[in-house]
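Here are a few exercises to work through with the model open beside you. Try each one yourself before you read its solution.

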Amino acid sequence: MDLKQIFKTPNPIIGVVHLQPLPTSPRWGGNLNAIIGRAEQEATALASGGANGIIVENFFDAPFAKDRVDPAVVSAMTLVVERLTNLVTLPIGINVLRNDAHSAIAIASCTSAQFIRVNVLNGIMATDQGLIEGQAHQLLRYRRELGSDVKILADVLVKHGRPLGSPNLTTAVQETIGRALADAVILSGWTTGSPPNLEDLELASAAAAGMPVFIGSGASWENISTLMQAADGVIVSSSLKRNGRIEQPIDPIRVSQFVEATHRGLSEKQTKQENSEANGARKPAAEPSKITSKMGNR
């Protein structure tokens with residue numbers, strides 16, 4: 001997945017538009033135009049604040065269906081995404097919660113959206129919706145049937161869930177990329193608003209072996225400089241909302257502050273890499289006998 005080609009930067013900041021309750025959801029209010037209007041306002045706030053991409057989620061439809069959502073949800077999300085693609089020039093992605101990746105990739109393919117987020121692409125997670133089983137086999141074949149090049153960003157050990165057994169994070173990342181064929185992986189904390197720790201991000205980045213790793217939750221202007229030391233991009237929502245409250249709309253000022261903090265972190269990361277490379281270039285070459293000894297120890 002070429003992040004620079006899609007997002008015009010190798011380190012994208014993707015803001016999330018949380019849709020108000022859609023038709024058939026328990027809190028559906030009966031006014032689709034109001035939902036579209038709110039989504040347009042938030043997409044504009046993200047674009048004006050400097051975000052590099054947008055992902056649209058049916059976040060307020062909770063409690064979520066485990067897999068396939070109602071057709072009315074698919075129709076409503078398609079309308080919203082179509083409006084947003086005509087409003088902003090940012091790349092747009094889709095996440096149909098809890099795990100309806102087939103609908104997400106169908107919407108994306110019909111609206112020229114560039115990517116989707118899949119909470120469980122492979123493996124089995126115990127969640128508040130029950131056991132969710134990844135369907136990479138069906139999804140990748142469906143994408144091929146559609147003739148689509150929509151990219152798949154897949155969570156590894158997704159938030160609000162627990163894996164069956166005790167999988168190794170390195171193995172989980174490698175299998176999500178190498179066997180489930182994700183185009184990028186996402187690492188989150190355990191819940192909405194909680195970040196992954198730096199050590200886990202470093203492990204995931206090493207296991208991904210050059211494939212993009214995204215921070216999937218809990219990023220804020222206070223911690224993003226640290227977290228971006230071990231990630232390629234970030235998906236962010238809660239900290240961009242007015243007063244940091246999840247039910248509030250996105251605040252363009254908070255978006256700008258977050259973008260500035262992220263760029264500072266990336267500058268620090270680049271400086272460290274340049275210093276490391278410079279220090280490495282100044283080190284004398286190891287003597288042949290020492291090289292032989294190290295190889296033997298392996």
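The exercises below deal with confidence, a helix and a sheet.

**Exercise 1.** Find out how far you can trust this predicted model, and where its pLDDT falls below 50.

*Solution.* Start with the overall score: the protein averages a pLDDT of 91, and 94% of the residues score at least 70. Next, look for the weak spot, which is residues 287–298, with a pLDDT below 50. Beyond near neighbours in sequence, that stretch has just 1 contact in the model. Where pLDDT is low, don't read the predicted coordinates in detail.

**Exercise 2.** Work out which residues of helix α6 are buried, and what covers them.

*Solution.* Go along α6, residues 169–178, and pick out those under 20% relative accessible area. You should get Leu169, Ala172, Val173, Thr176 and Ile177. These residues span an arc of only 120 degrees around the axis, so they sit on the same side of α6. The spacing fits a general rule: an α-helix has 3.6 residues a turn, so residues three or four places apart point the same way. Now see what lies over them: the cover includes β7 (151–155), β9 (184–187) and α7 (198–208). Finally, check the N-terminal end of α6, where Asn168 acts as a cap, with a side-chain oxygen 2.8 Å from the backbone nitrogen of Thr170.

**Exercise 3.** Put the strands of the open 3-stranded sheet in order, and say which stand at the edges.

*Solution.* The order is β6-β5-β8, and the pairing is antiparallel. That puts β6 (130–133) and β8 (161–163) at the edges: each has a single partner strand, so one side of each has no neighbour in the sheet. From one strand to the next, the twist averages 30 degrees. Then zoom in on β5 (residues 124–127), which 4 bridges join to β6. One to look up: Met125 has Ile132 in β6 as its bridge partner.

How values were computed
Residues numbered from 1 in each chain as written. Predicted model: local features only at pLDDT ≥ 70, side-chain atom pairs only at ≥ 80, totals over all residues. Heavy atoms only, no water. Buried < 20%, exposed > 50% of the residue type's maximum accessible area, 1.4 Å probe, protein only. Helix = DSSP H or I, 4+ residues; strand = E, 2+ residues; numbered from the N terminus. Arc of directions from axis to C-beta. Contact = heavy atoms within 4.5 Å. Polar contact = N/O pair within 3.5 Å; in protein donor to acceptor, adjacent residues only side chain to side chain. Pairing = 2+ DSSP bridges. Axes fitted to C-alpha atoms, helices over the stretch in contact; angles between N-to-C directions. pLDDT = per-residue confidence, 0-100.
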